[in-house]
Amino acid sequence: MQNTSRRARRALVAATSVAALTLTGVLTTLPAHAAAATLGAAAQQSGRYLGVAIAAGKMNDGTYMGIVDREFSSIVAENEMKMDATEPNQNQFSYTNGDRIVSYALGKGKQVRGHTLAWHQQQPGWMQNMSGGTLRNALINHVTQVATHFRGKIYAWDVVNEAFADDGRGSRRDSNLQRTGNDWIEAAFRAARAADPGAKLCYNDYNTDGINAKSTGVYNMVRDFRSRGVPIDCVGFQSHLGTGVPSDYQANLQRFADLGVDVQITELDIEQGGNQANAYRQVTQACLAVARCTGITVWGVRDNDSWRTGANPLLFDSSGNKKAAYTAVLDALNAAPPTQSPTPTRSATPTPSVTPTPSVTPTPSPTSSATPTQNPGTGACTVEYKVTAQWPGGFTGDIRITNHGAALNGWTLAFAFPGNQSVQQSWSGVTTQTGNQVSIRNADYNGSVPSGGTVQLGFNGVFSGSDNPVPTAFTLNGAGCNGAVVPTQSPTPSVSPTPTPTPTPTVSPTPTVTPTPTVSPTPTVSPTPTPQPTCNLPSSYRWSDSGVLAQPRSGWVSLKDFTVAPYNGQQLVYATTHDNGTSWGSMNFGLFTSYSQMGSASQNAMPFSAVAPSLFYFAPKNVWVLAYQWGGPAFSYRTSTNPTDVNSWSAHQNLFTGSISNSGTGPIDQALIGDDRNMYLFFAGDNGNIYRASMPIGNFPGSFGSSYQTIMTDTQANLFEAVQVYRLQGQQRYLMIVEAMGSQGRYFRSFTATSLDGQWTPQAASESNPFAGKANSGATWTNDISHGELLRTNADQTMTVDPCNLRLLYQGRSPSSGGDYGRLPYRPGLLTMQR
């Protein structure tokens, strides 16, 4: 997970009723051995491990690491060993944070799980744009290089993550990796074995916790691999659960173990409720009852570390106190008889997939036993619309489109919500909504739909009131796909596990009825994927401050206007300089890993002036871009393939040649960002306006010309300068920050929008409640919180930030300083958001 997070990902909460879980082979009497006091020690008594996912960014948190040190015997990195983290640029590998976690774990005598070598999500930008043999070769090289780097240190690798679809048929997921050929999973496993023969090799997936079509698809693949000698040692079951456990949970683990592979519970978290402790106990007992279940990993330490905001799904509360669920797990582990098999050094331990981020699909309402679906229409297309999960005020929707007309090369689905509903997040399509009118266009990988072909997409939504009515009319590229709405009945209950369950006739997952001990059957709904883990932005921000990070080198009096991008696991920062006279200039810092090292990093003057720079990696063209002001026209840019070298930049190119009225500065402080269609240029003018220009992404790098739109207007003080725009990881939402002038100094106001060409809504936009300012920064050395950038999750043009972990590199100065603006003694500081 990062999101979850970097990061990452879909909500996988198994929204189940409280089901009776039948266990066999678990002793209920007290064991002969003494009870262990910690989770790891208790698990070790039966030859198993109890692990946890950790984040490098939290390793300086004493409470967090105290729990990790004391309680857990296995460690997995949340995001630091995923594809985008380890190979941010092709053939440029970054292991700093991964190495830090591995070194910590091994130094403490804990085993390490590697997660993950191949995944359709959290791919670096350069890989996302590849296909065919080029992509296959890049994948195998990535697997080989990363597994080789960590050889001998990793107990088990999640070689491939989440390669099966949620289509109710047990099919492979349609991804860029799948389109390289159906043997891509086998190729990845063979490459991993060659690179690290000593590591266990695992397949890991979600929504496979019970016996269903998807888990059976994985089962059939594993059985095939074992029969043909493909090297696979273990299967991971993520187990992001609602308030209950599937009744066939243990039976499902056992049928995989019977194939001769180890099984692990890899990303366990369970929604808090009256049944949380019992559900944790049931999962633990199920693992103990299966001899080849070698361990359990929980996804996060404390409730406030979880990607499932508000669900409180972990074993420790936000203060680090043990919960009832902790005691339930510890007691279950201590109740197990000691055993020598399976041995921890021989068993495989799959790693959780995060990513960070996803938003959770909460438990569906138990009162609904039928899910509305859209009947096939009579036009050029069929649309099946299905509510797969529903809870008070929210729901998950699944849409399946079948094309009955000519082949499509790009599509847009349109419909109207009949109630007060709105889409919050979507996947496999780009969603916009105006009022109740919804438009979903294809993603960059699923625009081609042959005649008779299908495409599936989904979203999380919200609604008000007691009803969540379904749309009844759809158009696909303007052609009608109408039909009546009928309920889809739940299938007949089935409690005896069968290796080949019958898929439902519409889309998966659909509700199944599970009898409970005291009430009539209630529906359980398997989850649908949602985007990577994420967090809601707070309504009021709190920050901690680093203090002054660096002093300017001799000859400069000011360091300001910072731009930053991650580069090979380190931080690459460019800035504006000013000397003792009248000259502006620009520079970069030598690479550093921690901001505590910024003060000792080299300061390198540029051979040209690039005032107020913006640095990013333009993934579609595999080139770095440096944009800046005052280089001739309003804005200019240069390109490079080695951005660490100030002498590597190309000749000046025009970025924007327009002019604005009622401004003493003209266009200043450019901000560039791209979606899957366009590149956008936002800028200010010290005059109370924010402006925007755009171009097709295929035309970039290039000039935006001179045309623009004025998109925001206010007083000069409220919309002054230093506009920046970011995509929020795991959300169809964007964040804009704008520098304002207040009575206590410069501060940032924030705004949000659902599209880059949409309307911006104030979010934290006053001096008393700013995004970042004197009122909430915690800084004592400066009143100004001024021009800088949020630290991004990757370097590319999407300008993606992690809303769970915002950090702002900014410029500040002594409150007693004054005089000429250019010579004001600005210095770098870093704010870290507190939750």
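Is Asp-224 buried, exposed or partly exposed, and what is its relative accessible area? In this predicted model, Asp-224 is partly exposed, its relative accessible area being 32%. Its salt-bridge partner is Arg-228, and the N-to-O distance between the two side chains is 3.0 Å. Arg-228 also counts as partly exposed, at 42% relative accessibility. Both residues belong to helix α8, where a spacing of four residues, about one turn of the helix, separates Arg-228 from Asp-224. As a general point, side chains of opposite charge can pair when their charged atoms come close.

Salt bridges that share partners also occur in the model: Lys-58, Asp-61, Arg-302 and Asp-305 are joined in this way into one network. Across the structure as a whole, 26 salt bridges are found.

Helix α8 also holds Lys-214, and here the picture turns to buried residues. Lys-214 forms a salt bridge with Asp-166, with 3.3 Å between the closest N and O atoms. Helix α8 spans residues 213–228, whereas Asp-166 sits in the loop between β4 (156–161) and α7 (184–195), so this pair ties together parts that lie 48 residues apart in sequence. Lys-214 has a relative accessible area of 5% and is buried; Asp-166, at 8%, is buried as well. Since the cut-off for a buried residue is a relative accessible area under 20%, the values of 5% for Lys-214 and 8% for Asp-166 place both residues in that class.

Asp-166 shares Lys-214 with another acidic partner. The side chain of Asp-205 meets that of Lys-214 in a salt bridge, at 3.4 Å from N to O. Asp-205 is buried, as is Lys-214.

A further buried site, this time with polar contacts to the backbone, is found at Thr-782. This residue lies in the loop between β41 (761–764) and β42 (786–790), and its relative accessible area is 0%. How does the Thr-782 side chain reach the backbone, and at which distances? A polar atom of this side chain lies 2.8 Å from the backbone oxygen of Asp-784, and the side chain also reaches the backbone nitrogen of Arg-813, at 3.0 Å. Arg-813 appears again among the residues that Thr-782 touches. Leaving aside residues up to four places away in sequence, these contacts are Lys-774, Tyr-810, Gly-812, Arg-813 and Pro-815.

Technical notes:
Residues numbered from 1 in each chain as written. Predicted model: local features only at pLDDT ≥ 70, side-chain atom pairs only at ≥ 80, totals over all residues. Heavy atoms only, no water. Salt bridge = Lys/Arg side-chain N within 4 Å of Asp/Glu carboxyl O. Helix = DSSP H or I, 4+ residues; strand = E, 2+ residues; numbered from the N terminus. Buried < 20%, exposed > 50% of the residue type's maximum accessible area, 1.4 Å probe, protein only. Polar contact = N/O pair within 3.5 Å; in protein donor to acceptor, adjacent residues only side chain to side chain. Contact = heavy atoms within 4.5 Å.
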